Amino acid sequence: MAPSLFHRPFFRAYRVLWSLARPFLKRRPRLADGWQERMVPDDWLSDMPPQGGHAVDIWIQAASGGEARLAVAICRSFSVEKPLRVLITTWTRQGRDVLEQALPSLRESIPQLSVAVRFAPFDHPDIVRKAVAQASPRIMALLETELWPALMAACREKNIPVHVFNGRINTSTAHFGKLFPSLMADISPVAIHAISRYDRQMFSAIFPCPVDMMPNIKFDLAAKNLAAPQSRAGHTLSTSGPVFLFASVRQCEETRIPGQLSRLYKAVPNAAVVIVPRHLHRVPTWKSVLEDLALMPMLASELAPGQSLPRRHVLIWDHFGDLPRLYASARAVFVGGSFGQGGQNFLEALSAGRVPCIGPSAHNFLWAMGTGEPDMPSLEEAGLLRVAHTPRDVIEIMIRQAASARDRESVRREFQTWLAPRQGGAARTARLLEESMLPL
């Protein structure tokens with residue numbers, strides 16, 4: 001690609017849009033956090049001095065907490081025989097926390113591996129070109145849906161090969177690709193490794209590069225969770241009745257689930273309802289909605305250690321990273337984002353021995369359900385997932401599950417059998433990255 005790519009009308013308009021959006025972005029708490037780092041100051045990578053023209057060998061871009069865990073799994077799979085420098089960027093505080101919490105164990109287990117963690121640079125052409133110039137990676141690895149046009153163009157400008165791993169495509173990206181086919185050709189990755197036949201087909205329709213399929217790294221994470229000893233203590237929340245967990249709920253559930261909770265309390269008077277918003281900045285909204293319905297919300301941070309959840313109070317979990325422990329204590333589980341926003345990862349619930357319930361909108365997790373794999377049963381076909389079509393159905397399914405919850409260990413064993421042929425994504429990604437850096 002010629003450097004003149006950034007002089008094209010698309011990038012001229014793109015630059016203007018980012019510049020106009022900057023004051024509004026700064027008002028968003030999720031983006032204001034780490035603002036200066038996102039703007040890429042001159043010392044953005046001062047702890048990674050260039051060696052041989054490269055500050056880092058591999059730059060991995062991960063969107064948020066889930067993708068950050070994928071990045072950690074990839075790093076753990078490197079067969080490092082000589083120093084390897086990796087930059088991992090993420091958009092959210094949740095992702096950053098996941099990465100920084102993993103750093104001590106990575107340093108201890110792989111001394112030859114150096115990992116730098118940063119907030120992802122804004123995709124303003126000038127900002128991202130500065131970031132690419134400072135990092136000068138030998139290879140760029142984009143995880144899942146992180147297809148940022150300016151970042152990809154900046155890599156092409158510097159002849160940095162871009163790979164997409166654990167690739168999945170959303171509707172907006174597919175539409176964008178059809179609107180700008182020549183741009184997609186110019187910023188195309190050198191290879192895409194998709195997680196389903198559907199994603200492979202959609203990527204192939206908009207990018208001219210090779211597209212193959214790989215096992216989803218999230219199956220590796222689920223297998224790791226299964227291998228870990230099951231917690232008996234749970235989340236230390238004291239309740240007088242069964243825990244009904246509404247996990248990773250998003251904005252699409254805020255107007256659907258709360259109105260159904262009175263039916264849950266009527267059927268199970270001593271129910272302990274726990275709401276875990278996918279994004280912590282939605283906690284105040286959930287609290288307001290529940291208060292309007294006289295459902296007496298409490299924040300987990302307000303609950304003293306050992307204090308019992310008062311009867312008919314709804315607990316809103318305002319800490320990140322506690323879902324595994326909450327799953328370990330729940331009697332029935334609903335995983336949100338599935339009433340209009342494509343769903344959230346429900347595999348952690350299965351790792352904890354609970355069959356999750358989800359709503360009808362789960363297109364972002366078709367790979368997890370097994371859709372499109374004729375030789376392997378889907379989770380629903382295997383009896384390891386329940387799909388509800390309405391919020392009322394969610395409550396009815398959860399009430400039935402709480403009344404006759406399956407033995408956790410039997411669910412875990414069935415899930416382990418289902419997972420076995422689907423593992424190996426992290427190791428494959430690490431090998432592909434290592435091979436891509438070998439001299440031709």
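A residue counts as buried when its relative accessible area is under 20%. With that cut-off in hand, open the model, which is predicted, and start at helix α19.

**Stop 1: helix α19.** Select phenylalanine 415 and tryptophan 418; both are buried. The two residues sit three apart in helix α19 (residues 408-419), about one turn of the helix. Their ring centres are 6.3 Å apart and their planes meet at 25°, so this pair is stacked, since planes under 30 degrees apart count as stacked.

**Stop 2: arginine 422.** Keep tryptophan 418 on screen and add arginine 422. This arginine lies over the face of tryptophan 418, 3.7 Å from the ring centre.

**Stop 3: helix α1.** Move to residues 9-26, which make up helix α1, and select phenylalanine 11 and tyrosine 14, again three residues apart, about one turn of the helix. Phenylalanine 11 and tyrosine 14 are buried. How are their rings arranged? The centres lie 6.1 Å apart with the planes at 80°, so the pair is edge-to-face; the cut-off for that class is over 60 degrees.

**Stop 4: the aromatic cluster.** Extend the selection from phenylalanine 11 and tyrosine 14 to the cluster that contains them: Phe6, Phe10, Phe11, Tyr14, Trp18, Trp35, Trp91, Phe122, Trp148, Phe176 and Phe180. Across the structure there are 18 aromatic pairs.

**Stop 5: arginine 96.** Finish by selecting arginine 96 together with phenylalanine 119. Arginine 96 is positioned over the face of that ring, at 4.9 Å from the ring centre.

Note on methods
Residues are numbered from 1 along each chain as its sequence is written. This is a predicted model: local features need pLDDT of at least 70, side-chain atom pairs count only at pLDDT 80 or more; totals for chains, interfaces and linings use all residues. Side-chain values use heavy atoms; hydrogens and water are left out. Rings of Phe, Tyr and Trp (its six-membered ring) pair if their centres lie within 6.5 Å; planes under 30 degrees apart count as stacked, over 60 as edge-to-face and the rest as tilted. Helices (H or I, at least four residues) and strands (E, at least two) are DSSP runs, numbered from the N terminus. Buried means under 20% relative accessible area, exposed over 50%, partly exposed in between (1.4 Å probe, protein chains only). A charge sits over a ring if NZ of Lys or CZ of Arg is within 6 Å of the ring centre and within 35 degrees of the ring normal.
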